[in-house]
Amino acid sequence: MLAEALFFSAVLFAIGVVGVLTRRNAIIVFMCVELMLNAVNLTFVAFAQSYGAAGQVFVFFVMTVAAAEAAVGLAIIIALFRHRQTVDLQNINLLKG
Amino acid sequence: MIPLLQAAATAGTHPLTGTIAEWVWLVPLLPLLGFVINGALSLASVFHAGPGDPALAHGEAHGVDDGGHGHAAAHDDDAHGATGDDHHPVVRHRFAGVASIVGPGVLILSFLLAAAIFLAMRGAGEMTAPFIQRYFSWMPVGDMHIDAAFQLDQLSMMMTLVVTGVGMLIHLFSVGYMQDDPGYPRFFAYLNLFVFFMLVLVLAGNYPLLFIGWEGVGVCSYLLIGFWFSDKVNSDAGKKAFIVNRIGDVGFLIAMFMMFANMHALDFTGVREGAASLPFGGIVVTTICLFLFLGCAGKSAQIPLYTWLPDAMAGPTPVSALIHAATMVTAGVYLIARTNVLFSMAPVAQLVVVIIGALTAIFAASIGLKQWDIKKVLAYSTVSQLGYMFIGVGSGAYVSGLFHLVTHAFFKALLFLGSGSVIFAMHRAYHHTDNHDDAQDMRNMGGLKQYMPVTFWLMWIATLAIAGIPPFAGFFSKDEILGGLFARAQHSTIASASLFGIPGSGWLYFAYLLGLVAAFMTATYMTRMMIYTFHGPNRTGEKERGHLAEAPWIMTGPLVVLGILSAIGGWLNLPEFAPLGRVGALEHWLDPVVGESTARVMAGAGETSASLEYTLVGVAILIAVGGIALAWTRLKPESLVPKREAAPEEGFEKVLVNKYYVDEIYDKTIVEPVVGVSRGLLWRGIDAGLIDGVGVNGSAYLARFVGWIGSQFQSGQLGTYAWVLVAGVLAVLGAFSIR
Amino acid sequence: MNALLTSIGYTHWILPALLIIPLIGAAVIWLLGARGGGAGGDEVVSGVAATPRMVALVTFAVEFIVSLGLWWSFDPGNNAWQSVVDYAWIPSWGIRFTIGVDGIAVMMVLLTTFIMLLAVGGSWTSIRARSHSYYALLLVLTTGMLGVFLSLDLFLFYVMWEVMLIPMYFIIGIWGGDRRIYASLKFFIYTMVGSLLMLVAIIYLGLAARDPATGIPTFAYDYVLQNAMVTSTAAKWLFGAFFLAFAVKVPMFPFHTWLPDAHVEAPTAGSVVLASIMLKLGTFGFLRLAVPLFPSAAMDPTIRGIILGLAVIGIVYGALVSLVQPDFKKLVAYSSVSHLGFVMLGIFALTVQSVQGALMVMINHGISTGALFFLIGMIYERRHTRLIDAYGGIARVVPMFAAILTIVTFSSIGVPGTNGFIGEFLVLLGSFQTQPVLSVIATTVVIISAAYLLWAIQRILFNPLDKRENEHIPDLNRRELAIMVPLVAAIVWLGVYPAPVLRRMEGAATKFVNMVDARRNLLTTGVAEAER
């Protein structure tokens, strides 16, 4: 059971990574990040079966943080869209040093 | 001061213990007191406290009533005319009265005390050990103990009498000479301070304390040369004097370091004892002596460091008389005499001293032949006479050098003060008619004998004395130097030594020859000066002539005393061939200090034969008379024209007038390269360019550059960042899996 | 005097009191400032500056008077640390708050309290903005500097070293001249580069001297000195770290270029403190830490040769560069490089005379150069320029200023009879015994030093009074005289009768020389290693 769960979460994680790396739309990138987080959550839950409840607790933490992140992140994306009329990441380089 | 004085005297049984000699500390302290009072008066009369907040004080009117630009009647300085402010009525300084009493007063007291101590020394009978008074511990460091200690012996006594005696006369002269100067108390403050340091110099019981006096007189010389500091020439001259002296001081310092390194002592007694363990003529003692002589060459204006002394004539004339003729410049001679033990052990160093002395004597005398400024003539004459003194002390004939020091103090002080009184008269005459001609140029003088007869006669006495005409003072001392030199060329430790492969005797004969030629030149240029100044027609000017007059009694009085001393000063140390009184009094007096060293140099040589001695004396007199005769017959004062009409000199005369261009050569070869390298290479190049530019700011630029390169990776593309992140994670994972 | 001091238990509280009094003063100023100050404008005119400067003056006066007791309470015959106060500070790291004095520290403390008192006077009308912060920083700075002199714990030493850095940074950066930001940054970064390495070295040493049972490091000076064991290679690296920290501070050639900028831009009191006291912390560091801790490294022929060489280069170089400075303040700054070179020469020549001379130069430079900076500040307040060529002939206008400047100049030149001579003479005489060639080279600098200073004062004080704006400069006022007279008195006193000062430092200097001399050939720091 553990192996299947881990395999599944690995696939999910890889999809998330590829999505982050290849997609340009900020919303999609954002959702891919969420996907990665959930893949990790799945791993935690799977390990919790054999190693105790600490994994479950972590999942709650991650979900809380992810929720906060989603709220803030989506707000940023909306603000960005209002400002620039686009959510295409290639057109946004505010992080440039 | 008093509680410190309770330190015990060293030799409890010294014959001077309990006599007035224990008050020797008061001799220099009195002039110091005079300095404090006069200095306070000077500052009190000119100081106005500024407002509490200086930044808000702009435009506030502020009285300027002193600081030096002299309206002095006797303002002897070329550039003076240009400033054109002579029209102010002459107002005497408000503290002039007090300063006139305090300034010379402390010197009179000092001299009286010194004379009393002298009498006590005479009364104490044979005194072989010096009387050393320790006052307090000055620099006690580890095993080195340098005390503030005075040493009273025959040599320092002699110097003290000269300094206080001649100093007293010059102070009195200054009362008249400087009477209308707005910086009157300041002048006496400096002069008093000078005497204090000079007395510390001659009374010091160890080299570092002597060095205090040595540099202290240099400081006073600096201040007094630049006394009228508002003219650049004067302050330049003061600065030059100090810096050139410092070159010599380096030699003195190094000599002290070597003494401490090799003899572990810096007091005279300790060095005397320590010297015994050094090898005769060894490298150490020779080097010490040569470094010491470097110091002497600076202070006593010998080649190559003599250039400051003629410039020093920018100071008021009494300063030239006191500092730059009678006392300070002879400090080098004193130092060698004081260190006679070491010098007598270093024949090579002695040779160097003699040769430099002889070269200086003839070199300066030749320049003196063509100078027009009356004080410049005397300045070069002083340099030349100092050369004689160094021939004396250098050849181990310490007494003759010191004898000449004393007689020279008399006649050169007289010459300078006489020239001062001439300049005083000239300046007054020009002042009355608002003429801005040069009051020191001999071409503007002439025929002054009818206007100032006292000065005229006294100056002639001094001229005959310096020229070496018997029976005036200079004859005896100069003859003794040359005679002593001749005797040592025949047989002495110096004659046995050699320098640059040439035997010492050869050098000494050569020096003797130079000395004779210089003596001839001396007689010539002095007569020239007298002729141009006092004889022939007057060239001062029609209007001015009526205002020429003899100086007041306060100035002529000291001149008369010095005149008498110049005439009879030779009696101090009469030679055997002229037993006009007690023979060799000074020699006998100084015997405990220098006798042993003199004998050591002579190394058992016999007496010079009487016939040879008479021949030498005859030659000397002939040369002096010849020099005077040459000048008297060849020079035509009638054909001279005043300075502003004079044509420039040609050929070798031009070289002489320009003093062989030595100043210019020093400027081009030393001063300018040093300044140029400092500015161009060291400051702009190394400091600003290399260290700051490349090192400090360079590292800042480097950091900024590295940062810029890093910043180029920050494209701002989230996708790129993500790729890098993933690549990094994969790399880390890969690294772990490989292990 | 001693009985009186004993009766009030002077030695038990004096050192902490010296550190605390300025902090109290600073706190008072800050509290008062929080209520009233900072309105902007010219605070001297508006009267805002009156309170903080008065509080600072009183504080420094108390500090100075209290510190004077050390002159008597210090026992020159006792070579141990005196007036020691010792508290645990951070026990788990073995850091203690230990302070005490030897003969060197006593003189440095007295110099500091003396100069700081005068520095307030020098700031009186020249600090016209944010005066609350200024005087408070000046007080904190004092605690830092005194702390360095007093520390007997390496870690405390480091802390104090940094404590004094920050106020100075602000003093230059806020109240400085036009290029103050550049100068203060340069000062800060230069110093920081050195001091961080020193921190590493201190931690290394503390660990090297750790208690083998508990593993707790020790930073106590004496303990480290005796017990820290490091290999000779490590000793060289550690010495290098200390060397860099102190050489920057001294400053030695070629680490000196922060000094002219900092001096020129700093306000008068800043320059004075920098020159008189802070530079001495560098040489003090060599005497207290760098050389005694690593004698084998410091006296290694190559390393010693390099340092002596740099010292002499600094002496000559500083003097030559001074010669051509158009800015008087910069001239004095470069002359400091030259003077401090004498100190380094004296320390590394390692004879009792040269070390005593170095200590005297430290004190004398503090007095003479401090006095010069005060005088420059005074004339700057009147004419708002430091360029030498802007003056000329002003001795006629400001005779008192001229008289004092001349005396101070002679002192700085080292004319015998002033304090300057004693130090230079002893350094040169002492170093001649072990390093004759270098000593002779250094001796020639007395010519150049006379040249640059006399040339400068000639162009300022003498020559014709040819500029109209110089004709009505007011002379020194009473406050300024009150600053200068004690300095001139010190110049004469130390020149004529330095024996009491020399006697107090003799023990420490001799101890330094003997200890370093005895251990220079050991391969390691601790005695314990050698005894094995």
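## Helix H9 of chain B

In this predicted model, helix H9 of chain B is followed by B:Ala301, a residue with a positive phi, near 55 degrees. H9(B) itself covers residues 283-299, which makes 17 residues. From its first C-alpha to its last, H9(B) reaches 24 Å, close to the 24 Å expected at 1.5 Å a residue.

Of the 17 residues of H9(B), 13 are buried, so this helix is largely enclosed by the rest of the structure. A residue counts as buried if 20 or more other C-beta atoms lie within 10 Å of its own.

## Chain B as a whole

Chain B has 739 residues, and 56% of them count as buried. The chain contains 27 helices and four strands. Its C-alpha trace spans about 120 × 70 × 60 Å along the principal axes.

Contacts within chain B can also be sorted by separation along the sequence. Among those with a separation of 6 or more, 82% are between residues 24 or more positions apart.

## Where chain B touches chain A

The contact between chains B and A takes ten residues from chain B and eleven residues from chain A. On the side of chain B, the largest share comes from helix H27, residues 718-738, which gives five residues. By residue type, this side of chain B divides into four nonpolar, six polar and no charged residues.

## Where chain C touches chain B

In the contact between chains C and B, 62 residues come from chain C and 63 residues from chain B. Several helices of chain C give two or more residues to this contact, including H14 (301-323), H16 (352-383), H17 (399-413) and H18 (419-434). H19 (436-461), H20 (478-496) and H21 (499-519) of chain C are also among them.

The largest share of the side of chain C comes from H19(C), with eleven residues. The residues on this side of chain C divide into 39 nonpolar, 15 polar and eight charged.

## Helix H18 of chain C

One of the helices of chain C that give two or more residues to the contact with chain B is H18(C). H18(C) has 16 residues and reaches 24 Å from its first C-alpha to its last, close to the 22 Å expected at 1.5 Å a residue. Of these 16 residues, 14 are buried, so H18(C) is largely enclosed by the rest of the structure.

Conventions. Residues numbered from 1 in each chain as written. Chains lettered and ligands numbered in written order. Predicted model: local features only at pLDDT ≥ 70, side-chain atom pairs only at ≥ 80, totals over all residues. Contact = placed C-beta atoms within 7 Å. Nonpolar A, V, L, I, M, F, W, Y, C, P; charged D, E, K, R; others polar. Expected span 1.5 Å × (residues − 1). Buried ≥ 20, exposed ≤ 12 C-beta atoms within 10 Å, placed from the backbone.
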